Amino acid sequence: MHNRLLTSLTFVVGATVCVQAQASGDDSCYPSWSIFNNDLDVCNNLPFLSPGNDSSVNLRLLLANAGRLELTPAALNKADLAEGYGEVPFALYRLAPVAGGTDEEPPEGAAENTDSSVAGLQAMLDTLGVKREASEVAGDSLVDGEGSRCRSNNEDSASDFIRQVVSTPELNPAERASLASSRVQMLSACAWESEQLSSLLPGDIKSPMGKAFLGYLNAAADFYSGRFIEATKGFTLLADNPQEWLKDTALYMIGRSELSLAQDKAFEYGELKVERVDQTAAQRAESAFLNYIDANPFGRYSTSATGLLRRVHWLMNDNARLAADYNALFFTDSEDFKLEAADYEPLIREADLKMVTVNTKALTTPLFAAVNDLMWMRGQSRNKLTKATLLAQKDTFAQQPELFTYLQAAFALYVENNAVSALQLLPSAIPDELNYLAFSQQMLRGLALQADQEWKEAQTLWLQLIPLAKLPLQREQLELALAMSYERDQQLAKVFAADSPIKSEKVRYILLSHTADANLLRQQITQGQNDTERNTALFVLLYKDLLRSQFAMFADDLKQLPQAPSPDKLSYSLSYTYDQGQSLALFRWTGDKAESGYLCPSIAETAAALHGDGKNPQGLNCMGEFILRNNLDNMPLDQARHADLLGGTAPGFAGEVFARQTGYQSVIANPKAGHEDKAYALFRAINCYAPSGNNGCGGKEVTPAARKAWFKQLKSGFADTRWGKSLQYYW
């Protein structure tokens with residue numbers, strides 16, 4: 001499509017547009033490692049047609065399946081990795097890069113202002129002997145993306161008008177100069193009063209053609225100043241003018257003036273209020289644009305008029321015609337109107353925001369009917385899809401029976417929880433190629449097999465599909481599916497076998513961190529696919545040995561740690577976010593520089609002491625120091641994952657995670673604990689609740705009364721210690 005017409009295709013909602021690239025409250029997204037989701041989560045989309053996908057992702061998948069665009073996900077960046085993402089699932093923004101749009105069309109259909117267009121305008125003014133005074137240009141005073149009728153009052157539209165004036169033989173030199181001077185002065189117009197306009201327009205125009213151009217200026221000034229009824233009258237007078245440009249532009253501007261009148265009072269804080277739309281003016285705008293397109297199917301403004309018809313239908317709240325408008329644009333094969341790759345993205349966002357997400361009635365356009373059906377399968381959808389409503393769409397999908405069958409199978413699985421019914425509707429044969437619909441069919445088939453507890457059959461399917469996965473994100477999706485299937489089928493070792501097709505690093509890291517047992521971790525210390533995986537396996541092994549009080553195993557496994565371990569911080573592989581993390585040097589902690597004054601031996605010596613006596617007071621306190629000083633409270637490796645997520649099965653290590661508070665309580669209750677050991681345990685146990693009153697040390701919550709008793713005990717029986725003297729409060 002010609003570049004000068006691109007803005008007419010990016011006719012987004014103006015002030016109401018807000019692309020939700022990041023959706024959580026802190027403006028960040030975090031991955032949820034599941035392949036089955038029937039609730040919307042823009043942070044966790046999957047590369048197959050799914051109710052849980054953002055509607056615009058499903059729209060892109062269907063358009064890609066039809067060969068109308070290519071999916072080109074943005075590469076993972078540092079922020080993605082810091083938030084814990086792998087390739088799949090993915091946040092919406094990776095398929096929807098933020099781009100701007102305009103709210104109004106330049107009347108002359110020109111491209112955006114450039115230095116050359118400004119220079120061309122000045123050259124014409126020099127030829128005419130017109131001096132341009134420095135003044136603000138109305139169209140340039142708006143912020144990028146801001147919708148306004150005045151946006152099109154710029155050097156390009158002025159140049160287009162003056163170019164016609166210069167090339168029209170019926171005008172004499174004085175009229176040309178006078179009209180050009182007036183148009184340049186009008187560049188600052190955006191809310192002029194009638195008196196200002198009267199003083200601007202020249203009074204020395206005598207020829208009929210000159211008066212026609214003067215009429216155009218008068219109508220344009222009324223339009224820019226918000227006097228739309230007057231503008232419509234002025235442009236209507238020019239609708240039969242013999243000058244081609246005047247006639248063409250006036251016919252187009254009649255529609256724009258009526259459109260502006262229709263929406264003049266329809267927005268409140270950028271939000272459309274349909275009840276405030278002047279529907280009569282909207283109907284007149286529709287007629288005007290249709291008349292223009294019928295008369296000039298390949299005219300100067302035909303593409304823009306087609307785009308503005310979408311806005312009219314939006315204002316009319318006519319989603320059926322709006323869907324047809326978008327469908328015609330997406331699927332046109334006309335070389336004059338065929339979309340370029342860059343045109344799809346703003347149109348997808350526009351269609352999604354203006355129509356798809358707000359639609360509540362079944363549409364007869366297959367593309368949007370399918371997207372809406374998937375939305376309405378969501379568990380939290382207010383517009384619930386019923387089986388009767390879905391089956392009633394048979395005629396809508398008459399030309400796309402495979403898509404219709406897929407929607408029925410999705411309904412069976414996601415809404416009815418009927419895996420057997422879904423399997424009966426899905427093709428059992430493996431296709432030669434996986435387009436996006438075929439891939440969706442096979443993914444749904446695998447999910448249904450797993451829902452029916454047919455784990456081996458599902459694994460066979462995932463393995464058969466992996467060599468066929470050629471399109472973006474398909475292989476990563478299948479690797480995730482296979483890894484989750486192996487995990488739930490208690491075959492985790494297959495994920496890490498030498499011939500495993502599962503290469504996705506984050507998938508492997510999650511399973512090592514949360515599910516792998518000691519033997520598998522020991523294997524990966526030497527067989528991991530890279531240094532990070534090998535170091536991660538060693539870290540997880542040592543950490544879980546230690547924090548689950550398996551002190552003898554810790555001592556034995558510690559022999560694999562180099563005397564000077566790698567200082568590289570393990571963050572992403574241990575599920576830390578935003579560059580937090582630990583290195584293997586953690587397990588060389590010496591403990592002799594504890595900030596509190598309570599001295600501890602190395603962590604290896606502490607573990608050995610606890611191996612000999614699980615209630616050793618110094619050992620318990622020093623385990624607490626190790627956790628406290630290294631910020632290991634609420635460490636990601638200790639966080640239980642939901643059963644439906646990758647890494648959500650039973651952990652490979654038995655036993656409770658060591659909790660500082662539990663250790664302190666053991667020392668407090670131990671009659672054999674030394675004076676300083678018990679004093680420090682009281683001090684630290686009380687501080688577990690500082691300053692919020694919430695327990696930050698793990699273990700069971702204790703009441704304020706119990707904390708008060710600890711405080712009294714510390715201040716009375718241990719007042720001679722530095723900790724008894726320093727503590728002033730309890731929480």
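## The Cys688–Cys697 disulfide

Cys688 has a relative accessibility of 3% and therefore counts as buried, the cut-off for that class being under 20% relative accessible area. Its partner Cys697 is buried as well, with a relative accessible area of 4%. In this predicted model, a disulfide joins Cys688 to Cys697, with an S to S distance of 2.1 Å, and the link is left-handed, with -105° about the S-S bond.

## The other disulfides

A search of the whole structure finds 3 disulfides. One of them is formed by Cys29 and Cys43, whose sulfur atoms lie 2.0 Å apart; with -65° about the S-S bond, this link is left-handed. Both Cys29 and Cys43 sit in the loop between helix H1 (6-9) and H2, and the pair, 14 residues apart, links distant parts of the chain. Cys29 and Cys43 are each buried.

Another disulfide joins Cys600 to Cys622, with an S to S distance of 2.1 Å, and here the value about the S-S bond is -90°, again a left-handed link. Because Cys600 lies in the loop between helix H25 (551-557) and helix H26 (603-612), while Cys622 belongs to helix H27 (residues 617-629), the pair ties together parts that are 22 residues apart in sequence. Cys600 and Cys622 are both buried.

## Helix H15 and its surroundings

Helix H15 spans residues 366-376, and 11 of its 11 residues are buried, so the helix is largely enclosed by the rest of the structure. The buried residues of H15 include the nonpolar side chains of Leu367, Phe368, Val371, Leu374, Met375 and Trp376, but Asn372 and Asp373 are also among them.

The enclosure can be traced to particular neighbours, since the buried residues of H15 pack against helix H2 (55-65), helix H13 (319-331), helix H14 (341-356), helix H16 (387-391) and helix H17 (401-415). Helix H2 thus appears here as a packing partner of H15, and it also bounds the loop that holds Cys29 and Cys43.

## The second largest pocket

The second largest pocket has a volume of about 480 Å³ and is lined by 26 residues. Of these lining residues, Ser575, Tyr576, Thr577, Pro636 and Arg641 lie nearest the centre of the pocket. By class, the lining is made up of 9 nonpolar, 13 polar and 4 charged residues. Among the residues nearest the centre, Tyr576 and Pro636 count as nonpolar, Arg641 as charged, and Ser575 and Thr577 as polar.

Note on methods: Residues are numbered from 1 along each chain as its sequence is written. This is a predicted model: local features need pLDDT of at least 70, side-chain atom pairs count only at pLDDT 80 or more; totals for chains, interfaces and linings use all residues. Side-chain values use heavy atoms; hydrogens and water are left out. Buried means under 20% relative accessible area, exposed over 50%, partly exposed in between (1.4 Å probe, protein chains only). Helices (H or I, at least four residues) and strands (E, at least two) are DSSP runs, numbered from the N terminus. Contact means heavy atoms within 4.5 Å. On a 1 Å grid over the protein atoms alone, a cavity is a set of points where a 1.4 Å probe fits but cannot get out, and a pocket is an open set with protein on both sides within 12 Å along at least five of seven lines; lining residues have an atom within 4 Å of a point. Grid points are joined across faces, edges and corners, and a volume is the space filled by probe spheres set on the points. A disulfide is a pair of cysteine sulfur atoms within 2.5 Å.
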